[in-house]
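Work through the following exercises with the sequence and the structure side by side. Try each task before reading its solution.

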Amino acid sequence: MKSVIFDMDGTLFQTDKILELSLEDTFTYLASLGKWGGSIPIDKFREIMGVPLPVVWETLLSNHSVKEREQINDYFQDRLIENIKNGKGALYPNVQDIFEFLLKDGYTIFIASNGVPAYLKAIVDYYHLDDWVSETYSIEQIESFSKSDLVKTILTKYGIEEAAVVGDRISDIKAAKDNGLTAVGCSFDFAKEEELSQADVVINDLIELRRMQFT
């Protein structure tokens, strides 16, 4: 079996379209409770995009308790999902076209994301990604919260020997390298040049995957 494993946020799904909106909702809610008095840390969030959410809230809400972070994470997830269901997000250009091409060329397609299951399901359901994707994996399915381990789980379950990992952040590139796979970096919204420099190849549009060989 030969496969392509995609990241979700910043790779398939244009998270930035609902990110600021959902953060505004969340921090406005925090302010209404008297638990936030500063500006919305959208720039800081963008800097750390790609890390598991517990790390996100530990960074953004360092002065809040673990319980408060968990509660605000739940609220944030609810707002993200609601915005997805309301059609305020979008896939990147050519997602469906490249999915169809890969399937016709004999590849199986997977998604491995740091997003939580309910959030990922909302995206998959709204855009009918299950029409092409064999299975979508969340980082919460493994104890280590490591993207490398998550990718290894997919490889082991399906007996995959030839694959590429396509993503925009260092965790995706590292997941490919740690598992002996091709690392394809996406120069999209949240990507950083110093991270992309470690990929085997960098693309500016998903349609560029048409001309690649991952074996």
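## Exercise 1: The chain as a whole

Task: Find what share of the protein chain counts as buried, and describe its overall build and extent.

Solution: Of the 215 residues in the protein chain of this predicted model, 50% count as buried, where buried means under 20% relative accessible area. As a next step, count the secondary structure elements, which gives nine helices and six strands. The radius of gyration is 17 Å, close to the 17 Å that the globule rule gives for 215 residues, so the protein chain is as compact as a globular protein of that length. Along its principal axes, the C-alpha trace spans about 55 × 30 × 30 Å. Finally, turn to the surface and the contacts: the protein chain exposes about 10100 Å², of which carbon and sulfur atoms supply 46%, and among contacts with a separation of 6 or more, 67% are between residues 24 or more positions apart.

## Exercise 2: The order of the strands

Task: Determine in which order the six strands of the open sheet lie, and which strands form its edges.

Solution: Reading across the open sheet, the order is E3-E2-E1-E4-E5-E6, and the pairing is parallel. The edges are strand E3 (135-138) and strand E6 (201-203), since each of these pairs on one side only. Neighbouring strands of this sheet are turned by 25 degrees against each other on average, with direction ignored.

## Exercise 3: The neighbours of strand E1

Task: Identify the strands that pair with E1, and decide whether E1 is largely enclosed or largely open.

Solution: Begin with E2 (residues 107-113), which pairs with E1 (residues 2-6) in the parallel sense over five bridges. Within this pairing, Ser3 stands opposite Thr108, and Val4 has Ile109 as its bridge partner. Then consider E4, which runs parallel to E1 and is joined to it by five bridges; here Phe6 stands opposite Val166. To finish, look at burial: four of the five residues of E1 are buried, so this strand is largely enclosed by the rest of the structure. As background, strands of a sheet pair through backbone hydrogen bonds, either parallel or antiparallel.

## Exercise 4: Helices against the strands

Task: Establish which strands helix H6 touches and which strands helix H8 lies across.

Solution: Helix H6 (residues 117-126) packs on the sheet and touches E2 and E3, its direction making about 150 degrees with that of E3. Helix H8 (residues 170-178), in turn, lies across strand E4 (162-167) and strand E5 (182-186), and runs at about 170 degrees to E5.

Note on methods
Residues numbered from 1 in each chain as written. Predicted model: local features only at pLDDT ≥ 70, side-chain atom pairs only at ≥ 80, totals over all residues. Heavy atoms only, no water. Pairing = 2+ DSSP bridges. Helix = DSSP H or I, 4+ residues; strand = E, 2+ residues; numbered from the N terminus. Axes fitted to C-alpha atoms, helices over the stretch in contact; angles between N-to-C directions. Contact = heavy atoms within 4.5 Å. Buried < 20%, exposed > 50% of the residue type's maximum accessible area, 1.4 Å probe, protein only. Rg over C-alpha atoms; globule rule 2.2 N^0.38 Å. Areas by Shrake-Rupley, 256 points an atom, 1.4 Å probe, with all protein chains shown as cover.
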